[in-house]
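New to this one? Take a moment to look it over, and then we'll walk through it together.

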Amino acid sequence: MSLVFKSEKELSKWEYQAKNPNRICSVEGCFDLGQNMGTKRADGTLVRRNKCSKHHAEFQANKKGLTSTEWANSFHPYLKYRKDYCENIDGRLGHKCTTTIVWSGQLDTDHINGDPTSHETLGAAAMQTLCKSCHAYKTWKYGDGQTAGRKTLKERKEAA
Ligand SMILES: [Zn+2]
Ligand SMILES: [Zn+2]
C-alpha cells in the first residue's frame, strides 16, 4: 500500500486554512475562530491559532494538570499566587474564617499591605488569599482604599 498524500485540492484547502485570517478551531464540533495572536503577516492578514482561545487554554492547562482558570492565572502578575483556601483560617484578621470554599471564584488575591503594586517588588510575600467575605471585612477594617500604596497608584495613573 502506498502512502496517501493530500490531493492538490486538499492541500490547497489546508494551506488556505492555515493562512486564513478566519481559520476556525481545529477541535471537532467547535466553530469558533482560532485565537487571535495579535500579529499580522506581511500581507496584512491576521494570524490565528489552530484552536479557539477556550480550547487552547483547555489544551495547555490539561498538559500541566491545571484547570483552564489556574492555567490562565499562572500568567497573571499576582493571581498566580492565589491559593485554594482562605488564609484567614489562621485568624490573621482577628477571627478564624469558616467559609467553605467550593469554587475558586469565592477567593481573592489580596495585597497584604494594601499597596496594589507591592507584588512587583515583594512577589508572593506581598500577597495572601482571602475568601470574598474575609476580603470585604479586611477592606472595611483596614481601609485599603486609603493606604499610601493606593494613592501612589492613583498618582502614577494620573501622571501616565
Ligand atoms: Zn474551539
Ligand atoms: Zn475567609
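Here is a short tour, from the overall fold down to two individual residues.

First, keep in mind that this is a predicted model. The chain is built from six helices and four strands. If you follow the sequence from start to end, these come in the order α-β-β-α-α-β-α-β-α-α. Of the chain's 160 residues, 14% are buried. As for contacts with a separation of 6 or more, 45% of them link residues 24 or more positions apart.

Now for the inside. In soluble globular proteins, nonpolar side chains tend to be buried together. In this chain, the largest nonpolar core consists of six residues: C86, C97, L107, L130, C131 and C134. One of them, C97, is in contact with fellow core members C86, C131 and C134, and C97 also touches N88 and I89.

For another spot to look at, try I24, which sits in the loop between α1 (8–19) and β1 (36–40). Is I24 buried or partly exposed? I24 counts as partly exposed because it has 16 C-beta neighbours inside 10 Å, while a buried residue would need 20 or more. Its C-alpha atom lies 8.7 Å from that of Q35, a residue 11 places away along the chain. I24 also touches F31, D32, L33 and G34.

Here are the contacts of the two residues side by side, leaving out residues up to four places away in sequence.

| Residue | Touches |
|---|---|
| C97 | C86, N88, I89, C131 and C134 |
| I24 | F31, D32, L33 and G34 |

Note on methods: Residues are numbered from 1 along each chain as its sequence is written. Chains are lettered from A and ligands numbered from 1 in the order in which they are written. This is a predicted model: local features need pLDDT of at least 70, side-chain atom pairs count only at pLDDT 80 or more; totals for chains, interfaces and linings use all residues. A nonpolar core is a set of buried Ala, Val, Leu, Ile, Met, Phe, Trp, Tyr and Cys residues joined through C-beta atoms within 7 Å. A residue is buried if 20 or more other C-beta atoms lie within 10 Å of its own, exposed if 12 or fewer, and partly exposed in between; C-beta atoms are placed from the backbone. Two residues are in contact if their C-beta atoms, placed from the backbone, lie within 7 Å. Helices (H or I, at least four residues) and strands (E, at least two) are DSSP runs, numbered from the N terminus.
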